[in-house]
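Here is a walk through one model, taken region by region. Have the viewer open while you read.

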Amino acid sequence: MADAPARTLVFEIGTEEIPSVPLYAAVTDLRSDAEHALKEARLLYADLTVQASPRRIALTVTELAERAEDVRSRVRGPAAKAAFDAHGRPTRAAEGFARSRGVDVASLVVESSDGGEYVFAVVEEAGRPAAELLPDLLARLAEDIDWPRSMRWGSGETRFSRPVRWLLALYGADVVPVRFAGLTAGRLTWGHRFLAAGPHEVASAEEYPLALDRGLVVVDAESRARGIEAAMAAAAAAEGAEAVVPETTFAEVVNLVESPTVAVGRFDEEFLVVPREVLETAMESHQRYFPLQDGGGRLLNAFVVVHNGDPERTEGIVRGHERVIRARLADAAFFYTEDLKIPLADRLRRLEEIVFQERLGTMADKARRVERLAGALAEMLDATPEARAYAMRAGWLAKADLVSGVVVEFPSLQGVMGRYYALAAGEDQGVAEAILEHYRPRFAGDEPPASTPGKLVSMADKLDTLAGIFAIGLQPTGSADPYGLRRAAIGVLSILLATGARFSLARAVDEALGGYGETLAGVQVPSVREEVVAFVAARLEGMLRERGHAYDTVDAVLAVAGDDPADAEERAAALTSFRSGETAIEDLSVAYTRARNLSDPGLGVQADPQMMGAEELALFDALAAAEERATAAFAGRDYAGVLGVLAELRGPIDAFFDAVLVMDPDETLRVNRLRLLNRFVALFSRFADISKLAG
């Protein structure tokens, strides 16, 4: 630790209002970059924080050392025989090396290294003062913040999320002259845009929080969140209600205000006839309001608004928000009323106008394929006739709401509005629910469809997309996945793993490809099927690992059961549990691997017991008994039982290898013994590729 005194550093980048979501990422970026930069500069400190509000990002480093740590390093130079002549005098090579390292040639030492003699220089580098290091270090930190979208302004070349208006950089009471975006940092900050704009002079880094208090700015996002949360709860309680607070909307609102004020607004009660999802979307996604509901979960004609204005003008601000939401809800009510005038099925012809993919046809074509595929999947999964009928009808209607007024205005409500319009048109409840559910799961952690028809339509929709896009060669590459195929594959797997049903991915993909008919004329179906199954299996591998299964357990199971996701998970769970017990499956895997390496599947498994010695007969009899018991366990998907049977073969196979020369010079004996090993390997291979287990 440096002996020099330590001071607090504050670096504030003042801007026009930065969008909420990128601001969170920028805070994380700057924190990580600052920690790395200070470490590289050898500047020690006590604590480092990054805070942000819409108009500023502020880095604070406490007890930052006055000077970087000294460093002592040994640097290898040329070989000793090249550095010194026969009389021990330094050569030009030694002198050049010493000069390049800033040391006297007489200080060079000879040491052994990598089997030879080399000269070494001991370099002492004194730590530079922090005041010299910080200007460039802080400027680089500002330049390196990664924004998803950046802009230039004025005549400058600097890019940032929004125009930079001021820089403040203080190390204790001293200004750090950081140059960035055509500005030089000083000791001035600006406060809340409307309430205490400033400028506000900051005497020292330690007084920065007090300056922000004077400027009526809450720079810490967590503090703003706690304040908003408490104020919202109090405002809702005063109405005898509770606020509906989606996490993403709340997080966005936190970064839209520097001095939050919470109030309640109202809208006309007549709008409550519109589905609550429409009202909530209009309030939350479009206006960042939070709806209120009563204790029974019934939506009220009231909402909470968080504003950044003068608290004394809240009444007028709320009236403005009420005028805005009244117009938004009037539009939504009009679209909904107009949509109800056209039965959902009558909208299908308009799907001919929407292209799914230019080489794969329209959304109407997709609807026909999904209807057909949902029926095929129903047969694969032994669904009831009613569930199959509901799924096929829902598959046909699932995309019809895309051309409705509400969904055009609020795209996130696709499926939701399809359910409402299906019920209004007299469709069965099962059909309506499947239309709603077929988009699920929408994201990681989302619940899969609850109903069987919903599961069937969801899988049909996703498999149709996977098959078609792979067939025309537009597979995801790197991070680019414009058709959401990774999400689609994970969605299918989530449904199958939750259902636990036996299912063949290969057969399902064949069914999906078959639905395209002449559209895919000339496509090599077996090749596409193999690619799609491998793609889905790769997602399955990741999901199984996320569920706590070791990488080699997953590899072993997927080598055998990758075509049936739920079955693969059951096998992985059994193997994971088995490996945590006392039986050493890894020891058995060594014997299995040896047997598999020696085996010759082309010889078959029909070994003649008349040609066997004692150890061979013991393995032969053990295999016969094990096969019978394992077959029964496989039939009942009792994979723990299967593993128990396999583990009992450890003794017989070890004894076999200890006593028997498999590759006997006598071809007849050799072939017979290889057939016995083939039989051993075949039994294990019914469960997993045990050779993939790490020792």
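Two strands count as paired if DSSP finds at least two bridges between them. Helices (H or I, at least four residues) and strands (E, at least two) are DSSP runs, numbered from the N terminus. The model is predicted, so local features need pLDDT of at least 70 and side-chain atom pairs count only at pLDDT 80 or more, while totals for chains, interfaces and linings use all residues. Residues are numbered from 1 along each chain as its sequence is written, and side-chain values use heavy atoms, with hydrogens and water left out.

**Strand β1 and its partners**

Let's start with β1. This strand pairs with strand β3 (residues 56-65) in the antiparallel sense over 8 bridges, and 7 bridges join β1 to strand β7 (residues 164-171), also antiparallel. Ile 13 shows up in both pairings: Ile 57 in β3 stands opposite Ile 13, and so does Leu 167 in β7.

How many of the residues of β1 are buried? Buried means under 20% relative accessible area, exposed over 50%, and partly exposed in between, with a 1.4 Å probe and protein chains only. By that yardstick 9 of the 10 residues of β1 are buried, and the strand is mostly covered. Thr 8 sits in β1, which spans residues 6-15, and counts as buried because its relative accessibility is 13%. Its contacts (heavy atoms within 4.5 Å), leaving aside neighbours within four places in sequence, include Thr 60, Val 61, Leu 170, Tyr 171 and Ala 205.

**Two open sheets**

Next come two open sheets, both with antiparallel pairing: one of 3 strands in the order β4-β6-β5, and one of 4 strands in the order β13-β15-β16-β14. In the 4-strand sheet, β13 (242-243) and β14 (261-266) stand at the edges with a single partner strand each, so one side of each has no neighbour in the sheet.

Back to the sheet with the order β4-β6-β5. There the edge places go to β4 (71-79) and β5 (109-113), each with a single partner strand, so one side of each is left without a neighbour in the sheet. From one strand to the next, the twist averages 45°.

Here are some of the pairings, with an opposite pair of residues for each.

| Strand pair | Bridges | Opposite residues |
|---|---|---|
| β5 and β6 (residues 116-125) | 5 bridges | Val 110 and Val 119 |
| β13 and β15 (residues 290-293) | 2 bridges | Ala 243 and Leu 292 |

Each sheet has a helix lying across it. Helix α3 (residues 92-101) lies across β4 and β6 and runs at about 160° to β4. Helix α6 (residues 221-238) lies across β13, β14, β15 and β16 (299-307), at about 35° to β14. For these angles, axes are lines fitted to C-alpha atoms, for helices over the stretch in contact, and angles run from 0 to 180 degrees between N-to-C directions.

**Helices α14 and α20**

Why is α14 described as largely enclosed by the rest of the structure? Because 7 of the 9 residues of this helix (residues 429-437) are buried. Among them are Val 431, Ile 435, Leu 436 and Glu 437. The buried residues of α14 pack against α11 (385-397), α13 (416-424) and α15 (452-471).

Helix α20 (residues 565-579) has 15 residues and reaches 21 Å from its first C-alpha to its last, close to the 21 Å expected at 1.5 Å a residue. That expected span is 1.5 Å times one less than the number of residues. Its buried residues include Pro 565, Asp 567, Arg 571, Leu 575 and Phe 578.

**The largest pocket**

Rolling a probe the size of a water molecule over the atoms shows where empty space is left. About 480 Å³ of space lies in the largest pocket. Of the 18 residues lining this pocket, the closest to its centre are Lys 399, Tyr 439, Asp 461, Tyr 483 and Arg 487. α10 (363-380), α15 and α16 (485-499) each supply at least two lining residues, and α15 gives the most, with 3 residues. The search uses a 1 Å grid over the protein atoms alone: a pocket is an open set of points where a 1.4 Å probe fits, with protein on both sides within 12 Å along at least five of seven lines, and lining residues have an atom within 4 Å of a point. Points are joined across faces, edges and corners, and the volume is the space filled by probe spheres set on them.
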